[in-house]
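Please open the model in your viewer and keep the sequence at hand. The tour below proceeds by selection, one site at a time.

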Amino acid sequence: MRNAIASFLIVALILPFATMAQKKNIPDPLKLARGVRVKTVDEWESIRRPEIRELFSRHMYGYSPAPPELSYRILSHDRDALDGKAIRKQVRVFFAPDTSVWMDILIYLPARKTSPVPVFLGMNFYGNQAVWNDPAILITPNWVDQNEVLGVENNRATEASRGVRSSRWPIDRILERGYGVATIYYGDVDPDFDDGFMNGVHGLFDKGNRTESSWGSIAAWAWGLQRALDYLVTDSDVDASKVAVLGHSRLGKAALWAGATDERFAMVISNESGEGGAALTRNEKGESLEQITTTFPHWFCSVYKSFAGRVNDLPFDQHMLLALVAPRPVYVASAVEDLWADPEGEFLSAVYAEPVYKLYGHKGLGTRKMPDVGKPLHEGRIGYHLREGKHDLTAYDWEQFMNFADKHWRTGK
Ligand code: GTR
């Protein structure tokens, strides 16, 4: 009896103090597969970080091909764009000697710049022409979708949708703050529907030889972002040491995987990327692993869906994706009404990534308490905000990303 009381007391007293991570069975980012804990940056970089990248590749996003030899064609270069406020470039990137698959990068840089500028790079959903009402933006012939039911705002790659997504791309404000912006239509790289991986870069590289761990569409978009960076680092107008990769929603998932696997990205930003992005899968709120792999089977490698209904068996969770970015600054943005993306799960990933930043001697998020709406956390190298409103990429989100970049890069106007 005494023993029973003692055990009851131990459980009652100790459990509330057990960390949430233990309760949720969250894998320790610093524990090696062979059970030993990482104690130095060197062990992290040479053993644990590659181990985690391997886990995500094998079980979730799939393995991507090595970068091919690219070729570029400058399609336009104007110094007097947007009423003299911008330099505008459009660059076509060919992925192989076979020139059938390519992507166009649209770049705006502040016209008054005196030195190379930091740049935000992200993919867009509706074609480059949708990001700003600028008649000079070229329209791609890749994955054109005239959706009469959903209206022009949802037309992909058409004249009718020119400028319809400018609220997501406040280009004038970005330039005013001294930054450049580069964007690519994700449909140039891999049209977003399940066609058995025949079109886009999958068709070009897989040649039908796929395994259960071959790259899915998120990995393909991430790979496209990395190929855009290959170009940007050659452009002397761009400060190659300050390129941030960002994305909203499914393209936020892609931005995270791109930044986690390519250290040339100096900052990584997830806007409401949710399940399969920044949200902790084990938090089990909003979208589930089962739902995402059923609705979008082409986004991941085929192994991933085998974890549906047994997320505790995953040998990783999404905080480890954020941790792969360390020691570079990483930012996670959520919106109050975006419950499908699970703001709490996104916040918890940011919390649990912190030990890896601490290993480098940096502050991560710096708190375990979710901040109030509209009170961004920018102190450490892991940034976070929760804004009012719905699932979207807004001017408010951009202001926070630029504030965070100003702070960590000591840039800004
Ligand atoms: C939803 C999907 C989310 C998110 C979103 C988007 O339908 O369930 O995971 O990616 O689409 O990309 O807008």
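Is D230 buried or exposed? The model is a predicted one, and in it D230 has a relative accessible area of 14%. Because buried means under 20%, D230 counts as buried.

**Stop 1: D230 and its surroundings**

Select helix α8, residues 217–232, which contains D230. Display the side chains of D230 and R227, which are joined by a polar contact of 2.6 Å. Then extend the selection to L70, Y72 and R264: these are the residues that D230 contacts once neighbours within four places in sequence are set aside.

**Stop 2: strand β8 and its partners**

Move next to β8, where 6 of the 6 residues are buried. Colour V330, V332 and S334, which point one way from the strand, and then Y331, A333 and A335, which point the other way. Both sets are buried.

Which strands flank this selection in the pairing? Strand β7, residues 267–271, runs parallel to β8 and is joined to it by 4 bridges. To find the register, select S270, which stands opposite V332 in β8. Strand β9, residues 382–387, also pairs with β8 in the parallel sense, over 6 bridges. Here Y331 is the residue to select, with G383 of β9 opposite.

**Stop 3: backbone features in the loops**

Most residues other than glycine have a negative phi, and most peptide bonds are trans. The following selections depart from that pattern.

Begin with the loop between α11 (318–323) and β8 (330–335), where P327 lies. The peptide bond between A326 and P327 is cis, with omega at about 5 degrees.

On the other side of β8, select D342, in the loop between β8 and α12 (343–352). Its phi is positive, near 60 degrees, although the residue is not glycine. With a relative accessible area of 4%, D342 is buried.

S249 also has a positive phi near 60 degrees. Find S249 in the loop between β6 (238–248) and α9 (250–261). S249 counts as buried, at 14% relative accessibility.

**Stop 4: aromatic pairs**

A pair of aromatic rings is described by the distance of the centres and the angle of the planes. The model holds 27 aromatic pairs. In one of them, the ring centres of F120 and Y179 are 5.1 Å apart and the planes meet at 65 degrees, so the pair is edge-to-face. F120 belongs to strand β4 (residues 117–124) and Y179 to the loop between α5 (171–176) and β5 (180–185), which places the two 59 residues apart. Both F120 and Y179 are buried.

Next select W169 and W398, whose ring centres lie 5.9 Å apart with planes at 55 degrees; the pair is therefore tilted. W169 is in the loop between β4 and α5, and W398 is in helix α14 (residues 395–409), so the pair ties together parts that are 229 residues apart in sequence. W169 is buried at 5% relative accessibility, and W398 is buried at 0%.

For a wider view, select F125, Y126, W143, Y185, Y186, F193, W221, F296 and W299 together, since ring pairs link these residues into a cluster.

**Stop 5: charges over rings**

Finish with two arginines. The charged end of R92 sits over the ring of W102, at 3.6 Å from the ring centre. Then select R310 and F307: the charged end of R310 sits over the F307 ring, 4.6 Å from its centre.

Note on methods:
Residues are numbered from 1 along each chain as its sequence is written. This is a predicted model: local features need pLDDT of at least 70, side-chain atom pairs count only at pLDDT 80 or more; totals for chains, interfaces and linings use all residues. Side-chain values use heavy atoms; hydrogens and water are left out. Rings of Phe, Tyr and Trp (its six-membered ring) pair if their centres lie within 6.5 Å; planes under 30 degrees apart count as stacked, over 60 as edge-to-face and the rest as tilted. Buried means under 20% relative accessible area, exposed over 50%, partly exposed in between (1.4 Å probe, protein chains only). A charge sits over a ring if NZ of Lys or CZ of Arg is within 6 Å of the ring centre and within 35 degrees of the ring normal. A polar contact is a pair of N or O atoms within 3.5 Å; within protein, one must be able to donate a hydrogen and the other to accept it, and residues adjacent in sequence count only if both atoms are side-chain atoms. Contact means heavy atoms within 4.5 Å. Two strands pair if DSSP finds at least two bridges between them.
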